[in-house]
Amino acid sequence: MTTATTDERTLEELQRDHGPALLSFLLGLTYGDRQRAEDLAQETLVRAWLHPEAFAGPYASMRPWLFTVARRLAIDARRSRLARPAEIGDGVLAVTPDPADSTASAEAALDVRAAVRELSPEHRAVLVRIYFRGLTVNEAADELGIPAGTVKSRSYYALRQLGRSLPGYRPRHGVIARSRAGAAQ
(Lines give C-alpha, C1' and ligand atoms only; values in the text may rest on other atoms or scores of the structure.)
Protein backbone atom coordinates (compact mmCIF):
# COMPACT_ATOMS: atom_id res chain seq x y z
CA MET A 1 0.00 0.00 0.00
CA THR A 2 1.48 3.34 -1.02
CA THR A 3 0.56 6.61 0.60
CA ALA A 4 -0.40 9.48 -1.68
CA THR A 5 1.92 12.47 -1.49
CA THR A 6 1.96 15.87 -3.07
CA ASP A 7 3.75 15.93 -6.42
CA GLU A 8 7.13 17.63 -6.60
CA ARG A 9 6.07 20.43 -8.92
CA THR A 10 3.23 21.52 -6.62
CA LEU A 11 5.55 21.38 -3.63
CA GLU A 12 8.16 23.50 -5.47
CA GLU A 13 5.51 26.11 -6.27
CA LEU A 14 4.34 26.08 -2.68
CA GLN A 15 7.88 26.63 -1.43
CA ARG A 16 8.57 29.37 -3.98
CA ASP A 17 5.30 31.23 -3.32
CA HIS A 18 5.09 30.87 0.47
CA GLY A 19 8.56 29.81 1.68
CA PRO A 20 9.96 33.30 2.43
CA ALA A 21 6.78 34.39 4.27
CA LEU A 22 6.71 31.09 6.17
CA LEU A 23 10.34 31.47 7.24
CA SER A 24 9.74 35.06 8.31
CA PHE A 25 6.70 33.97 10.34
CA LEU A 26 8.71 31.19 12.02
CA LEU A 27 11.62 33.53 12.79
CA GLY A 28 9.16 35.57 14.82
CA LEU A 29 7.90 32.49 16.65
CA THR A 30 11.45 31.29 17.43
CA TYR A 31 12.69 34.71 18.61
CA GLY A 32 15.07 35.01 15.66
CA ASP A 33 16.61 31.54 15.90
CA ARG A 34 17.25 30.98 12.20
CA GLN A 35 18.26 27.33 12.47
CA ARG A 36 15.16 26.40 14.44
CA ALA A 37 12.96 28.44 12.07
CA GLU A 38 14.45 26.68 9.03
CA ASP A 39 13.93 23.27 10.66
CA LEU A 40 10.30 24.12 11.38
CA ALA A 41 9.76 25.44 7.85
CA GLN A 42 11.17 22.22 6.43
CA GLU A 43 8.95 20.13 8.71
CA THR A 44 5.94 22.22 7.63
CA LEU A 45 6.71 21.51 3.97
CA VAL A 46 7.10 17.81 4.76
CA ARG A 47 3.59 17.90 6.26
CA ALA A 48 2.33 19.56 3.07
CA TRP A 49 4.02 16.82 1.05
CA LEU A 50 2.42 14.11 3.23
CA HIS A 51 -1.06 15.68 3.06
CA PRO A 52 -2.05 16.36 -0.55
CA GLU A 53 -5.68 16.59 0.56
CA ALA A 54 -4.88 19.99 2.10
CA PHE A 55 -4.49 21.38 -1.42
CA ALA A 56 -8.10 20.42 -2.20
CA GLY A 57 -9.35 22.43 0.81
CA PRO A 58 -11.61 25.47 0.63
CA TYR A 59 -8.66 27.88 0.78
CA ALA A 60 -7.94 30.37 -1.98
CA SER A 61 -4.34 30.16 -0.77
CA MET A 62 -2.35 27.51 1.08
CA ARG A 63 -0.74 30.14 3.31
CA PRO A 64 -3.30 29.92 6.17
CA TRP A 65 -2.91 26.13 6.25
CA LEU A 66 0.91 26.39 6.20
CA PHE A 67 0.98 29.01 8.94
CA THR A 68 -1.39 26.96 11.12
CA VAL A 69 0.75 23.84 10.73
CA ALA A 70 3.96 25.83 11.33
CA ARG A 71 2.53 27.49 14.44
CA ARG A 72 1.48 24.13 15.89
CA LEU A 73 4.88 22.62 15.13
CA ALA A 74 6.60 25.57 16.83
CA ILE A 75 4.40 25.19 19.91
CA ASP A 76 5.05 21.44 20.07
CA ALA A 77 8.81 21.97 19.67
CA ARG A 78 8.86 24.56 22.47
CA ARG A 79 6.85 22.34 24.81
CA SER A 80 9.16 19.44 24.03
CA ARG A 81 12.26 21.54 24.86
CA LEU A 82 10.73 22.79 28.10
CA ALA A 83 9.79 19.26 29.18
CA ARG A 84 13.39 18.07 28.97
CA PRO A 85 15.96 18.94 31.61
CA ALA A 86 18.31 21.70 30.59
CA GLU A 87 21.47 20.53 28.89
CA ILE A 88 24.77 21.55 30.38
CA GLY A 89 27.96 22.13 28.50
CA ASP A 90 31.34 20.58 29.09
CA GLY A 91 32.50 23.80 30.77
CA VAL A 92 30.21 23.18 33.74
CA LEU A 93 31.39 19.60 34.04
CA ALA A 94 35.03 20.68 33.91
CA VAL A 95 34.69 22.88 37.01
CA THR A 96 32.34 20.61 38.95
CA PRO A 97 34.24 18.69 41.61
CA ASP A 98 34.19 14.93 41.45
CA PRO A 99 32.10 13.67 44.40
CA ALA A 100 34.43 10.68 44.75
CA ASP A 101 37.41 13.04 45.19
CA SER A 102 37.76 13.89 48.87
CA THR A 103 40.45 16.50 48.24
CA ALA A 104 38.02 19.39 47.80
CA SER A 105 36.07 18.57 50.96
CA ALA A 106 39.30 18.07 52.93
CA GLU A 107 40.56 21.44 51.71
CA ALA A 108 37.25 23.08 52.64
CA ALA A 109 37.42 21.52 56.12
CA LEU A 110 40.93 22.91 56.60
CA ASP A 111 39.81 26.37 55.52
CA VAL A 112 36.83 26.29 57.90
CA ARG A 113 39.04 25.11 60.77
CA ALA A 114 41.51 27.91 60.07
CA ALA A 115 38.69 30.47 60.04
CA VAL A 116 37.26 29.07 63.30
CA ARG A 117 40.72 29.30 64.93
CA GLU A 118 40.76 33.03 64.09
CA LEU A 119 37.62 33.60 66.20
CA SER A 120 37.83 34.78 69.78
CA PRO A 121 37.92 31.94 72.36
CA GLU A 122 34.39 32.84 73.55
CA HIS A 123 32.90 32.77 70.05
CA ARG A 124 34.78 29.60 69.12
CA ALA A 125 33.57 27.82 72.29
CA VAL A 126 29.94 28.55 71.40
CA LEU A 127 30.29 27.39 67.77
CA VAL A 128 32.12 24.22 68.74
CA ARG A 129 29.36 23.24 71.11
CA ILE A 130 26.42 24.15 68.86
CA TYR A 131 27.65 23.24 65.38
CA PHE A 132 30.36 20.64 65.91
CA ARG A 133 29.04 18.80 68.96
CA GLY A 134 25.34 19.36 68.16
CA LEU A 135 24.27 20.79 71.52
CA THR A 136 21.16 22.94 71.82
CA VAL A 137 21.48 26.58 72.86
CA ASN A 138 20.35 25.72 76.40
CA GLU A 139 22.77 22.79 76.68
CA ALA A 140 25.65 24.96 75.46
CA ALA A 141 24.63 27.70 77.92
CA ASP A 142 24.60 25.22 80.83
CA GLU A 143 27.97 23.77 79.84
CA LEU A 144 29.60 27.20 79.43
CA GLY A 145 27.87 28.69 82.48
CA ILE A 146 26.45 31.67 80.56
CA PRO A 147 22.88 32.75 79.70
CA ALA A 148 21.18 31.27 76.60
CA GLY A 149 20.83 34.78 75.13
CA THR A 150 24.60 35.21 75.30
CA VAL A 151 25.06 31.88 73.49
CA LYS A 152 22.70 33.07 70.74
CA SER A 153 24.44 36.42 70.47
CA ARG A 154 27.92 34.91 70.34
CA SER A 155 26.88 32.34 67.72
CA TYR A 156 25.35 35.10 65.60
CA TYR A 157 28.48 37.25 65.68
CA ALA A 158 30.77 34.25 65.22
CA LEU A 159 28.86 33.18 62.10
CA ARG A 160 29.03 36.73 60.74
CA GLN A 161 32.79 36.71 61.24
CA LEU A 162 33.06 33.34 59.50
CA GLY A 163 30.98 34.72 56.63
CA ARG A 164 33.47 37.55 56.24
CA SER A 165 36.40 35.14 56.48
CA LEU A 166 34.89 32.70 53.97
CA PRO A 167 32.86 34.86 51.52
CA GLY A 168 31.27 32.72 48.80
CA TYR A 169 33.81 30.20 49.97
CA ARG A 170 36.86 30.04 47.79
CA PRO A 171 39.87 28.11 49.08
CA ARG A 172 42.41 30.51 50.49
CA HIS A 173 45.68 28.64 50.70
CA GLY A 174 47.46 31.57 52.39
CA VAL A 175 45.11 31.44 55.39
CA ILE A 176 45.74 27.73 55.88
CA ALA A 177 49.48 28.17 55.61
CA ARG A 178 49.47 31.10 58.08
CA SER A 179 47.24 29.24 60.51
CA ARG A 180 49.41 26.15 60.43
CA ALA A 181 52.52 28.24 60.87
CA GLY A 182 50.86 30.07 63.75
CA ALA A 183 49.76 26.78 65.36
CA ALA A 184 53.32 25.41 65.14
CA GLN A 185 54.73 28.36 67.15
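The paragraphs below lead through this predicted model, from its nonpolar interior to its charged pairs, an unusual loop residue and a nonpolar patch on the surface.

A good place to begin is the largest nonpolar core, which has 18 residues, and within which Leu-14, Leu-26, Ala-48 and Trp-65 touch the most other members. The elements that contribute two or more residues to this core are H1, H2 and helix H3, the last of these spanning residues 63-83. H3 supplies the largest share, with 6 residues. Leu-26 can serve as a viewpoint from which to look around: once its neighbours within four places in sequence are set aside, Leu-26 is in contact with Ala-37, Leu-40, Ala-41, Ala-70 and Ala-74. Elsewhere there is a second, separate core of 7 residues, and among its members are Ala-115, Val-116, Leu-119 and Leu-166.

From the nonpolar cores we turn to the charged side chains. Side chains of opposite charge can pair when their charged atoms come close. The model holds 7 salt bridges, and one of them joins Glu-13 to Arg-9, with 4.0 Å between the closest N and O atoms. Because Glu-13 and Arg-9 stand 4 residues apart in helix H1, about one helical turn separates them. The two partners do not fall into one accessibility class, for Glu-13 is partly exposed at 32% relative accessibility, whereas Arg-9 is exposed, with a relative accessible area of 62%.

Another pair is formed by Arg-16 and Asp-17, whose side chains meet in a salt bridge with an N to O distance of 3.7 Å. Here Arg-16 counts as exposed, at 55% relative accessibility, while Asp-17, at 46%, counts as partly exposed.

In helix H2, Glu-38 forms a salt bridge with Arg-34, and the closest N and O atoms of this pair are 3.2 Å apart. Since Glu-38 and Arg-34 are 4 residues apart in helix H2, they too are separated by about one helical turn. Glu-38 is partly exposed, at 39% relative accessibility, and Arg-34 is likewise partly exposed, at 44%. Salt bridges can also share partners, and in this way Arg-129, Arg-133 and Glu-143 are joined into one network.

What lies between helix H1 (8-29) and helix H2 (34-50)? The two helices are linked by a loop, and Tyr-31 lies in that loop. Most residues other than glycine have a negative phi. Tyr-31, however, has a positive phi of about 55 degrees, although it is not a glycine. As for its surroundings, Tyr-31 is exposed, with a relative accessible area of 72%.

The last stop is a nonpolar patch on the surface, with an area of about 390 Å², which is made by Val-112, Tyr-131, Phe-132 and Leu-159. Of these residues, Phe-132 can be placed in helix H6, which covers residues 121-132. Is Phe-132 buried or exposed? Phe-132 has a relative accessible area of 54% and is therefore classed as exposed, the cut-off for that class being over 50%.

How values were computed. Residues are numbered from 1 along each chain as its sequence is written. This is a predicted model: local features need pLDDT of at least 70, side-chain atom pairs count only at pLDDT 80 or more; totals for chains, interfaces and linings use all residues. Side-chain values use heavy atoms; hydrogens and water are left out. Buried means under 20% relative accessible area, exposed over 50%, partly exposed in between (1.4 Å probe, protein chains only). A nonpolar core is a set of buried Ala, Val, Leu, Ile, Met, Phe, Trp, Tyr and Cys residues joined through side-chain atoms within 4.5 Å. Contact means heavy atoms within 4.5 Å. Patches are made of residues with over 30% relative accessible area and no salt bridge: like charges are joined within 9 Å, nonpolar side chains (Val, Leu, Ile, Met, Phe, Trp, Tyr) within 5 Å. Accessible areas come from the Shrake-Rupley method with a 1.4 Å probe; for residues, only the protein chains shown count as cover.
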